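Let's take a walk through a protein model together. Keep the picture open beside you and look up each residue as we get to it.

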Amino acid sequence: MEKQKIFTTSAPHRMDDHVHPFAQGWKVGDLIFTGGIAAEDPATGEMVPGDIQDQARRCFETMKAILAEAGASMQNVVKVTVFFIDYEDKQKFESVYGEYFPDDKPARTSAVVSYLGKNILMEIDAIAHA
């Protein structure tokens with residue numbers, strides 16, 4: 001199977017001076033793997049201001065853009081991993097999660113970690129099919 005790098009300017013893409021360079025995602029056959037998605041504004045590279053719900057919405061919009069570039073949508077997501085800094089944010093996150101996955105929610109793993117980066121409240125990645 002051929003491995004294709006996914007790239008869209010609708011997702012964070014300023015990798016030249018990024019503190020942790022990464023791929024937005026990879027498509028291997030019909031499978032799509034996103035990189036870790038934080039709430040970076042694609043235009044500025046800065047974290048979006050606000051709370052966990054604001055950051056979650058930015059993360060999901062980035063996920064949608066990466067999936068679209070690979071020929072998929074949120075309905076194609078089969079697995080999500082979410083990392084939180086504060087477990088207390090999980091409840092508010094769930095309401096946003098439900099907006100993006102109203103039915104047939106993907107398999108999911110959630111974990112609380114001690115640090116993700118400056119001003120980062122959460123990070124998420126996904127596996128989808130095309």
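Start with the rings. Phe-60, Phe-84, Phe-93, Tyr-97, Tyr-100 and Phe-101 are joined into a cluster by ring pairs. Keep in mind that what you're looking at is a predicted model. If you search the whole structure for aromatic pairs, seven turn up. One of them is made by Phe-93 and Tyr-97, whose ring centres are 5.7 Å apart and whose planes are 35° apart, so the pair counts as tilted, the class for angles that are neither under 30 degrees nor over 60. How far apart are Phe-93 and Tyr-97 along helix α2? They are four residues apart in that helix, which covers residues 90-100, and therefore about one helical turn separates them. Tyr-97 also forms a tilted pair with Phe-101, this time at 5.0 Å centre to centre and with 50° between the planes. Phe-93 and Tyr-97 are both buried, and Phe-101 is buried as well.

Tyr-97 has another partner to show you. The charged end of Arg-108 sits over the Tyr-97 ring, 4.4 Å from the ring's centre. You can find a similar arrangement at Trp-26, where the charged end of Lys-3 sits over the ring, 4.2 Å from its centre.

Now zoom out to the helices. Two packed helices are described by the angle between their axes and the distance between the axes. For α1 and α2, the angle is about 30° and the axes are 9 Å apart. Which means α1 is roughly parallel to α2. Their crossing is right-handed. On the α1 side, the contact is made by Ile-52, Gln-53, Ala-56, Arg-57, Phe-60, Glu-61 and Lys-64. On the α2 side, the residues involved are Lys-92, Phe-93, Ser-95, Val-96, Tyr-97, Glu-99 and Tyr-100. Some of these names should ring a bell: Phe-60, Phe-93, Tyr-97 and Tyr-100 belong to the ring cluster too.

Stay with α1 for a moment and find Thr-62, which is part of this helix (residues 52-69). Is Thr-62 buried or exposed? With a relative accessible area of 1%, it counts as buried. Setting aside neighbours within four places in sequence, Thr-62 is in contact with Ala-11, Pro-12, Ile-37 and Glu-40.

Next, step back along the chain to Ala-39, in the loop between β3 (31-34) and α1. Ala-39 is buried, and its relative accessible area is 0%. Not counting residues up to four places away in sequence, Ala-39 touches Glu-46, Met-47, Val-48, Gln-55, Arg-58 and Cys-59. Take a look at Asp-54 as well: it comes 15 residues away from Ala-39 in sequence, and the two are 8.2 Å apart in space, C-alpha to C-alpha.

Let's finish with two backbone oddities. Most residues other than glycine have a negative phi. Asp-104 isn't a glycine, yet its phi is positive, at about 45°. You'll find Asp-104 in the loop between α2 and β5 (107-112), and its relative accessible area of 77% makes it exposed. Asn-119 is another non-glycine residue with a positive phi, near 65°. This one lies in the loop between β5 and β6 (122-129). Is Asn-119 buried or exposed? At 54% relative accessibility, Asn-119 counts as exposed.

Definitions and conventions. Residues are numbered from 1 along each chain as its sequence is written. This is a predicted model: local features need pLDDT of at least 70, side-chain atom pairs count only at pLDDT 80 or more; totals for chains, interfaces and linings use all residues. Side-chain values use heavy atoms; hydrogens and water are left out. Rings of Phe, Tyr and Trp (its six-membered ring) pair if their centres lie within 6.5 Å; planes under 30 degrees apart count as stacked, over 60 as edge-to-face and the rest as tilted. Helices (H or I, at least four residues) and strands (E, at least two) are DSSP runs, numbered from the N terminus. Buried means under 20% relative accessible area, exposed over 50%, partly exposed in between (1.4 Å probe, protein chains only). A charge sits over a ring if NZ of Lys or CZ of Arg is within 6 Å of the ring centre and within 35 degrees of the ring normal. Contact means heavy atoms within 4.5 Å. Axes are lines fitted to C-alpha atoms, for helices over the stretch in contact, and angles run from 0 to 180 degrees between N-to-C directions. Angles under 35 degrees count as roughly parallel, over 145 as roughly antiparallel, 65 to 115 as roughly perpendicular and the rest as oblique. A crossing is left-handed if the near helix is turned anticlockwise from the far one by less than a right angle, and right-handed if clockwise.
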